[in-house]
Amino acid sequence: MNRRMFLHTAAAIGAAPRLLLSAANEDTVMKPYHEPARDVPVVERADVLVAGGGPAGVAAALAAARRGATTRLIEANGCLGGTWTAGLLSWILDSGNKKGIIKEIIAELEKRGAVARYGGDVGYDVETMKLVLDELCLAAGVRVQLHTRVAAAHAPDGRLGLAITESKSGRQAWAADVFVDATGDGDLAARAGCGSDYGREGTGQAQPMSVICLVTGIAPEGVAEFVRGLAEPKGERNPKGRLKAEMERAGVSPSYAQPTLFYIRDGLFCMMANHEYGVAGTNAAQLTEATLRGRAEVHKLVNALRTLGGVWKDMRIVATAEHIGVREGRRVRGLYQVTADDLASGARHDDAVCRVNFPVDVHSTDPKQDKGITRERVRAKPYDIPYRALVAKDVTGLLLAGRCISGDFIAHSSYRVTGNAVAMGAAAGAAAALAAKSNRPPCELPWPEVQKTLSL
Ligand SMILES: Cc1cc2nc3c(=O)[nH]c(=O)nc-3n(C[C@H](O)[C@H](O)[C@H](O)COP(=O)(O)OP(=O)(O)OC[C@H]3O[C@@H](n4cnc5c(N)ncnc54)[C@H](O)[C@@H]3O)c2cc1C
């Protein structure tokens, strides 16, 4: 029996998924298939094309469209929001000192009773977030295309001209004057030929992924001591440690040593208790393996808690994330790299797109050492992200926004949170519209000009 026949037979008889997944990975050792060349239809020309509709991509598309640019937003999932929605994140960090689109999104959520405030942090209802993002994009005239993945790029002479997608409609090409890569993993930039970095310098190890879930059937009064944001005002310390101890009392030990419950509203909670180590967001087989393992783990944790009875007796999962939370992917090389030194010194820049107020936050890359948050030597002071970190170095006509901008491992662990992703997206979108309108590449835009349009 050859390997392919074995896979089909094994699938039919329900053999262990782990074996199937690792066997499928070995397909790459087979002789490559040479795909014949073909004509791909160019289905549209826009002023600005944004790849990826997460927090950064939505902000970029809104900013570009509101400045008069015809704007196409291409998203692989069936909803906008990325980790915010498909990832069930439910928690916005580092938005306190930011204005503009992030404040607008939070205000829209608030109007619909979908926000929980805990000091500077903002909890939100994921389903309402999906709707708010749809409505904002439609109102701004953003041309949204869901269920479509950027699979290739055409950048003759180092100038990006086409993004090529795969979807139910087949392979299609999209032309634009300026592109924004907000895919989180830098997919468009990588396909266009940009250099990038991945993981910790020296080891290449990246932060773990997490399957987040929404849970119900527990009451805030009953479980307050285990819930971030509910515990502290009552003088309870270490709610994560208490939750972990409770899981252990139920006979299970979470792969994330600081499992976290967040209270969103009316009996709706978000739980982050899973870590998937040593897997890459740019490898579909590893993403699949991590998703299946993570989903199984969070079900096991919740089922175990339920057996304790008492405050946990009716606890149920209502949803696991459609997309596993990927903390880091490619960090695309830009005209400037944000570094750990910038964090330590509290760097200021004349072309600052936002000021980051978030600490170094590295989830352990090595479960043998630690399963929680790693102690790093760098302590971050508030620091600036310069516009240059959003301008791709190796390809013209391409801006970066969100977690794939140009930075090192430590800096990324801090600036990646969504308050900053939105601010970067807004700046990239405004710059892209200006570049398209004035027929200049993003690298030639003087920052004061971009800043002027940002304040409009
Ligand atoms: C488990 C976890 C917990 C976190 N906790 C917090 C928290 O509490 N608060 C906080 O503010 N931040 C948190 N973060 C960080 C934050 O969620 C991300 O850094 C942030 O979402 C980055 O925004 P983004 O738009 O750059 O990327 P993403 O949110 O990853 O969005 C990227 C989007 O691009 C799409 N995409 C990817 N590839 C393609 C392609 N080839 N073609 C088309 N579309 C594509 C994806 O489907 C996705 O919608 C957490 C992250 C994780 C993973």
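**Exercises on a predicted model**

Helix H3 (55-66), strand E3 (91-92), strand E7 (149-154) and helix H12 (418-438) each contribute at least two residues to the shell around the ligand; helices (H or I, at least four residues) and strands (E, at least two) are DSSP runs numbered from the N terminus. The model is predicted: local features need pLDDT of at least 70, side-chain atom pairs count only at pLDDT 80 or more, and totals for chains, interfaces and linings use all residues. Residues are numbered from 1 along each chain as its sequence is written.

**Exercise 1.** Describe the shell around the ligand.

*Solution.* A residue is near the ligand if its C-beta atom, placed from the backbone, lies within 6 Å of it. Of the 35 residues around the ligand, those that come nearest are Gly-52, Gly-54, Gly-82, Gly-325 and Gly-402. H3 supplies the largest share, three residues. By class, the shell has 15 nonpolar, 13 polar and seven charged residues. Ala, Val, Leu, Ile, Met, Phe, Trp, Tyr, Cys and Pro count as nonpolar, Asp, Glu, Lys and Arg as charged, and the others, Gly among them, as polar.

**Exercise 2.** Determine the strand order of the open sheet of five strands and its edge strands.

*Solution.* Two strands pair if DSSP finds at least two bridges between them. The order is E12-E13-E14-E11-E15, with mixed pairing. Strand E12 (227-228) and strand E15 (316-320) are the edges, each pairing on one side only. Within the sheet, strand E11 (residues 212-216) and strand E14 (residues 268-272) are antiparallel over four bridges. Cys-213 has Met-271 in E14 as its bridge partner.
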